[in-house]
Amino acid sequence: MSQKLETRTVHAGTAPDPVSKARITPISQTASFVFDDMDHASRLFNLEEFGNIYSRIGNPTNAVLEAKVADLEGGVMGLGVGSGHAAQLVVFHTLMEPGCEIVAANKLYGGSLNQLSEAFRKMSWTTRFVDADDPANVAAAITDKTRAVFIESLANPGGVVLDIAAIAKVAHDAGLPLIVDNTMATPALCRPIEHGADIVVHSTTKFLNGHGNSIGGVIVDSGNTDWVRTGKYPTLTEPNPSYHGMVFAEALGELGFIVACRALGLRDLGPALAPMNAFLTLTGMETLALRMERHCDNALALAKWLKSHPKVSWVSYAGMADDPYHGLCQTYLGGKGGGVFTFGLKGGYDAGAKLVSSVELFSFLANIGDTRSLIIHPASSTHRQLDDEARAAAGAGPDVVRVSVGIEHIDDIIADLAQALDKV
Ligand SMILES: *Cc1c(COP(=O)(O)O)cnc(C)c1O
């Protein structure tokens with residue numbers, strides 16, 4: 001860990017392939033792996049030895065990505081899964097029994113709001129959504145059924161930065177882990193574990209991959225949680241019938257949670273990461289630090305320009321010195337606001353719909369974190385499924401436009417929005 005982040009984004013987890021001597025991580029495009037003998041097979045199946053069995057459970061290309069993200073986040077181990085949503089699902093599946101609850105910030109990625117309300121209901125789980133700007137609201141929503149607190153370090157789409165350390169304290173005082181979705185900030189701007197987070201989840205689809213060419217997710221565990229203390233996590237602290245009565249938290253110590261995510265969550269739910277996608281993400285991640293710098297510089301310049309535009313009513317970008325979240329942005333994100341922000345159009349819903357149809361350089365689509373500049377009108381797309389109140393709470397009201405500012409030249413980015421705003 002003595003090396004700087006820029007160096008680790010290139011080198012962490014990767015070494016020349018010991019068999020072929022290939023410098024770049026090979027794509028292990030295989031479903032399964034041969035056993036040396038019966039003894040080897042039984043050691044792998046008993047989790048007495050870590051190794052490859054079947055690519056639903058683990059794959060050598062994925063393992064390199066897991067090691068890289070875990071290193072950048074400062075965790076004990078990572079787990080690659082098929083998408084950001086799969087990362088969340090596997091974490092919750094490991095921590096929750098039917099009837100359990102989580103407390104979550106109400107300003108989250110729209111897809112997460114759906115997962116935590118609709119998909120949760122079908123598992124008999126409940127999310128209590130709170131305005132986490134005030135950590136006291138998190139504390140007030142915790143019950144004896146709560147098993148975790150869930151927030152985003154930099155909320156998509158609102159550009160909201162939460163007080164991670166204060167919320168971690170609230171969670172820990174109640175004996176609960178804090179889970180932080182660090183997708184928008186990336187470890188280049190924020191390392192939640194340093195501020196008390198216990199588990200970090202990523203959609204690698206966004207800035208980690210950075211090129212919009214594959215879906216993926218990673219879970220990183222800090223290894224800091226004492227799962228045994230509260231008795232609230234039977235998956236980790238009670239004998240597991242599918243592993244000969246093994247108790248994960250006892251047998252594996254600080255690796256108990258992340259190994260259970262793999263050996264139970266990934267094995268039984270099945271959202272495996274394709275090794276090709278892990279390879280593309282590894283390639284993209286080598287330039288993470290460089291790209292984030294440009295994304296942030298461009299986003300700040302664009303946010304300032306939009307703020308003085310006559311058709312724009314407000315701009316929410318935590319990287320601007322006069323933004324209400326700038327203080328927390330300095331504490332947790334090094335003062336950088338990331339590549340994504342929202343702004344409001346005086347013309348409301350119709351103006352938003354017209355703007356996203358009038359861009360030329362920007363792509364009108366539902367993604368963030370690409371090298372290309374991207375734009376969307378959340379009320380008519382990503383946040384369409386929510387009712388008006390939930391949309392407003394999530395920072396996706398009718399006048400809101402979200403941009404993911406790419407790494408093109410800033411003059412061209414501004415010129416495109418200037419011509420599109422002229423048509424509104
Ligand atoms: C996109 C996104 C997700 C979901 O990730 P997928 O890879 O699309 O499943 C979760 N959280 C945030 C903040 C996101 O931006």
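This is a dialogue about reading a ligand site and several individual residues in a predicted model.

Biologist: Where should I begin with the ligand, and which residues around the ligand come nearest?

Modeller: Begin with the shell, that is, the residues that have a heavy atom within 4 Å of the ligand. In this predicted model there are 15 residues around the ligand, and those that come nearest are Gly84, Asp181, Ser203, Thr205 and Lys206.

Biologist: How do the residues of that shell divide into nonpolar, polar and charged?

Modeller: The shell holds 10 polar residues, together with 3 charged and 2 nonpolar ones. If you ask which element contributes most, the answer is helix α4, spanning residues 84-95, which gives 3 residues to the shell around the ligand.

Biologist: Which polar atoms of the protein lie close enough to the ligand to be listed as contacts, given a cut-off of 3.5 Å between N or O atoms?

Modeller: Three pairs can be described here, and they involve both backbone and side-chain atoms.
A polar backbone atom of His85 is 2.9 Å from an oxygen atom of the ligand, while the side chain of Thr205 places an N or O atom 2.8 Å from a ligand oxygen.
For Asp181, a polar side-chain atom is found 2.6 Å from a nitrogen atom of the ligand.
As for cover, the ligand taken alone exposes 380 Å², of which the protein buries 93%.

Biologist: In which pocket does the ligand sit?

Modeller: The ligand sits in the second largest pocket.

Biologist: Let us turn to the backbone; what is the phi of Leu47, and where does this residue lie?

Modeller: A positive phi is worth noting in a residue that is not a glycine, and Leu47 is such a case, with a phi of about 65°. Leu47 belongs to the loop between α2 (38-45) and α3 (60-73).

Biologist: Is Leu47 buried or exposed?

Modeller: Buried is the word for residues under 20% relative accessible area, and Leu47 has a relative accessible area of 16%, so this residue counts as buried.

Biologist: What does phi look like at His244, and how accessible is that residue?

Modeller: His244, again a residue other than glycine, has a positive phi near 50°, and its place is the loop between α10 (234-237) and α11 (248-251). The term exposed applies over 50%, and because the relative accessibility of His244 is 70%, His244 counts as exposed.

Biologist: How should I read separation along the chain against separation in space, for instance with Met276 and Asn62?

Modeller: Compare the number of residues between two positions with the distance between their C-alpha atoms, pair by pair.
Met276 and Asn62 are 214 residues apart in sequence, and their C-alpha atoms are 8.9 Å apart; Met276 itself is in helix α13, residues 275-285, and is partly exposed at 38% relative accessible area.
Glu293, in helix α14 (residues 288-307), is 43 residues along the chain from Lys336, with 8.6 Å between the C-alpha atoms, and Glu293 counts as partly exposed at 43% relative accessibility.

Biologist: What separation do the C-alpha atoms of Glu194 and Leu208 have?

Modeller: Glu194 and Leu208 are 14 residues apart along the chain, and their C-alpha atoms are separated by 19 Å. Glu194 lies in the loop between α8 (186-189) and β6 (199-203), where its relative accessible area of 56% makes it exposed.

Biologist: And where does Val401 lie, and how far is its C-alpha atom from that of Gly216?

Modeller: Val401 is part of strand β12, residues 400-404, and counts as buried at 0% relative accessibility. Between Val401 and Gly216 there are 25 Å from C-alpha to C-alpha, at a separation of 185 residues along the chain.

Technical notes: Residues are numbered from 1 along each chain as its sequence is written. This is a predicted model: local features need pLDDT of at least 70, side-chain atom pairs count only at pLDDT 80 or more; totals for chains, interfaces and linings use all residues. Side-chain values use heavy atoms; hydrogens and water are left out. A polar contact is a pair of N or O atoms within 3.5 Å; within protein, one must be able to donate a hydrogen and the other to accept it, and residues adjacent in sequence count only if both atoms are side-chain atoms. Accessible areas come from the Shrake-Rupley method with a 1.4 Å probe; for residues, only the protein chains shown count as cover. On a 1 Å grid over the protein atoms alone, a cavity is a set of points where a 1.4 Å probe fits but cannot get out, and a pocket is an open set with protein on both sides within 12 Å along at least five of seven lines; lining residues have an atom within 4 Å of a point. A molecule sits in a cavity or pocket if more than half of its atoms lie within 2 Å of its grid points. Helices (H or I, at least four residues) and strands (E, at least two) are DSSP runs, numbered from the N terminus. Ala, Val, Leu, Ile, Met, Phe, Trp, Tyr, Cys and Pro count as nonpolar, Asp, Glu, Lys and Arg as charged, and the others, Gly among them, as polar. Buried means under 20% relative accessible area, exposed over 50%, partly exposed in between (1.4 Å probe, protein chains only).
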